[in-house]
Amino acid sequence: MTTSASSPTPASGPAPMPTLLVLDAEPLPRLGRLTGRARVEHTDAATLAERLPHADVLLVWDFTSHAVREAWPGGGPRPRWVHTASAGVDHLMCPELAGSDTVVTNARGVFDRPIAEYVAALVLAMAKDLPATLRLQGERTWLHRESMRVAGTRACVVGSGPIGRAIASTLEALGVTTALVGRTARPGVHGTGELDRLLAGADWVVAAAPLTDDTRGMFDARRFGLMRPSARFVNIGRGPLVVEDDLVEALTSRRIAGAALDVLNHEPLAPDSALWAVPGLIVSPHMSGDTIGWRDELGAQFVELFESWLAGGPLANVVDKKRGYVPGH
C-alpha cells in the first residue's frame, strides 16, 4: 500500500530542512545518505515526549520500546510520519496516534524470508528430534530413535501477510500441505471462521498474525484442545497471541506434542521463568528474523522511504492504524 504524508515543500522559496527524530537503539542506523537533506536528532525514552513537537518525522529504531505509545498523547504538534523498524506496530499504537493524521509505516519485506527459514528449521528440528540428539550427545549417550517424515504432513499458518505467505511457501517446498488463514477469506486464504477446523487437522500450527484486539490470546486452552496430540505449535508473531499458561498445560499434559516460542509475553524471559524447563518447548530470544546484516537492511529501507517522502512521492508499507497492519495482503 502506498500513500503520501505531507512532504516539506512550501509554496515558494527553498524547502526547509525537515527534522528527523530517531528513537535510538544500539547500533544506530546508518543515515549518511541523508546528510544535508535532513536535520537528524536523537532521543531516548526519557526525552521523547518533549522532542516530539519539534520533529517532522520519527524513526522508531528502538522497536522494543513502548515510549511512543506513552509519549504521543501529550500536547503540541506531532510528526507527520512515523516509521518503525519492525513488522509489528503494537508497541507504538495508542488511540491518539490511531486517530491522528500521522502516517505510520513499517519494515514490511525485510523479515519475510529469514522468519520463514527459521520456522522451517524449527519444524525440521522437532520432526527429527534434534533437541534430544544434542542433549544425548552432551551426555555421551548413544540412543537410536525413529524420526518423523515432514513431507506429507499438514500445516496451518495463521496470518496471511508477507511473513505468513513466505512461511507457507517454504513449508510447501518441504512437501508440507499448508493452509493459510487470514482475517477474511479470499482466493488462497481461509477466513478465521475455518480456523478451528484447520487446527484439528494440522500437524504444525504456526502463529504469524499481527497483534490486534481480535488476535490477542487467540491461542488458548480451547484452541490447544482442538489440536492433535501429535501436533506442534510455533509462535513467531507476537507473544500475547498465546495464553502461555494454557500452552504450558497443553504441553505438560501431552495434549500436544511440542512447541516453539520465539516471542513471549514478557521479554527478555526472566532466568527464573518456568518456561525454560517446560517439556517439549523450545524457547528462543526473539531472533527468528534477525539474520546477519538485518539492521543495515532496515536502515537502507528507511532511507529509501525518506527520499521518496522528500521528493513528494508516495510512501510504501503504510499501516492501517485501526487494524494494526499493512492491508492489501
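Modeller: One term before we start: contact means that heavy atoms lie within 4.5 Å. Please also keep in mind that this is a predicted model.

Biologist: Thanks! Let me begin with helix 4. Which elements cover its buried residues?

Modeller: The cover includes helix 5 (130-138) and helix 6 (162-173), along with strand 9 (204-207), strand 10 (232-235), strand 11 (258-261) and strand 12 (281-283).

Biologist: How many of the residues of helix 4 are buried?

Modeller: Buried means under 20% relative accessible area. By that cut-off, 12 of the 16 residues of helix 4 are buried, so the helix is mostly covered. Among them are Pro114, Ile115, Ala116, Tyr118, Val119 and Leu122.

Biologist: What end-to-end distance should helix 4 have, and what does the model show?

Modeller: The general idea is to multiply 1.5 Å by one less than the number of residues. For helix 4, residues 112-127, the expected span is 22 Å, and the end C-alpha atoms are 23 Å apart, which agrees. Just after the helix, look at the backbone of Asp129, which takes a positive phi of about 55°.

Biologist: Asp112 catches my eye in helix 4. Which side chain of opposite charge is nearest to it, and how far away?

Modeller: That is Arg108, at 6.2 Å. A salt bridge needs a side-chain nitrogen of Lys or Arg within 4 Å of a carboxyl oxygen of Asp or Glu. Asp112 is buried yet has no salt bridge. Setting aside residues up to four places away in sequence, Asp112 touches Pro162, Ile163 and Ala166.

Biologist: Let's turn to the strands. Which way do the side chains of strand 4 point?

Modeller: In a regular strand, side chains alternate between the two faces of the sheet. Strand 4 covers residues 57-60: Val57 and Leu59 point one way, while Leu58 and Val60 point the other way. All four names belong to buried residues.

Biologist: Which sense of pairing does strand 4 have with strand 2?

Modeller: Strand 2 (residues 19-23) pairs with strand 4 in the parallel sense, over four bridges. In that pairing, Val22 is opposite Leu59. Strand 4 also pairs in the parallel sense with strand 5 (residues 81-84), over four bridges. There, Leu58 is opposite Val82.

Biologist: Now the interior. How many residues are in the largest nonpolar core?

Modeller: To find a core, we take buried nonpolar residues joined through side-chain atoms within 4.5 Å. Here the largest one has 49 residues, and Leu20, Trp81, Ile167, Ile236, Phe302 and Phe306 have the most contacts inside it. Elements that give it two or more residues include strand 2, strand 4, strand 7 (154-158) and helix 10 (294-310). Its largest share, eight residues, comes from helix 4. Apart from this core lies another, of 31 residues, among them Val181, Leu195, Val205 and Phe233.

Biologist: Which residues are in contact with Ile167, leaving aside neighbours within four places in sequence?

Modeller: Ile167 contacts Ile115, Ala116, Val119, Val157, Val206, Ala208 and Ile236. Ile115, Ala116 and Val119 are among the buried residues of helix 4.

Biologist: On to charges. How many salt bridges does the structure hold?

Modeller: There are 14. One of them joins Arg30 and Asp296, with the closest N and O atoms 3.6 Å apart. Arg30 lies in the loop between strand 2 and strand 3 (39-43), and Asp296 in helix 10, so the pair ties together parts 266 residues apart in sequence. Arg30 counts as exposed at 65% relative accessibility, whereas Asp296 is partly exposed at 42%.

Biologist: How far apart, N to O, are Glu41 and Arg51 in their salt bridge?

Modeller: The value is 3.1 Å. Glu41 belongs to strand 3 and Arg51 to helix 1 (residues 48-51), so this pair ties together parts 10 residues apart in sequence. Glu41 is partly exposed at 24%, and Arg51 is partly exposed at 27%.

Biologist: And is Arg223 buried or exposed?

Modeller: Buried, at 14% relative accessibility. Arg223 forms a salt bridge with Asp196, with the closest N and O atoms 2.8 Å apart. That pair links helix 7 (residues 195-200), which holds Asp196, to helix 8 (residues 221-226), which holds Arg223. Asp196 is partly exposed at 26%.

Biologist: Which residues are linked with Arg33 in a network of salt bridges?

Modeller: Arg37 and Glu307 are linked with Arg33 in that network.

Notes: Residues numbered from 1 in each chain as written. Predicted model: local features only at pLDDT ≥ 70, side-chain atom pairs only at ≥ 80, totals over all residues. Heavy atoms only, no water. Buried < 20%, exposed > 50% of the residue type's maximum accessible area, 1.4 Å probe, protein only. Pairing = 2+ DSSP bridges. Lys, Arg positive; Asp, Glu negative; His and termini not counted.
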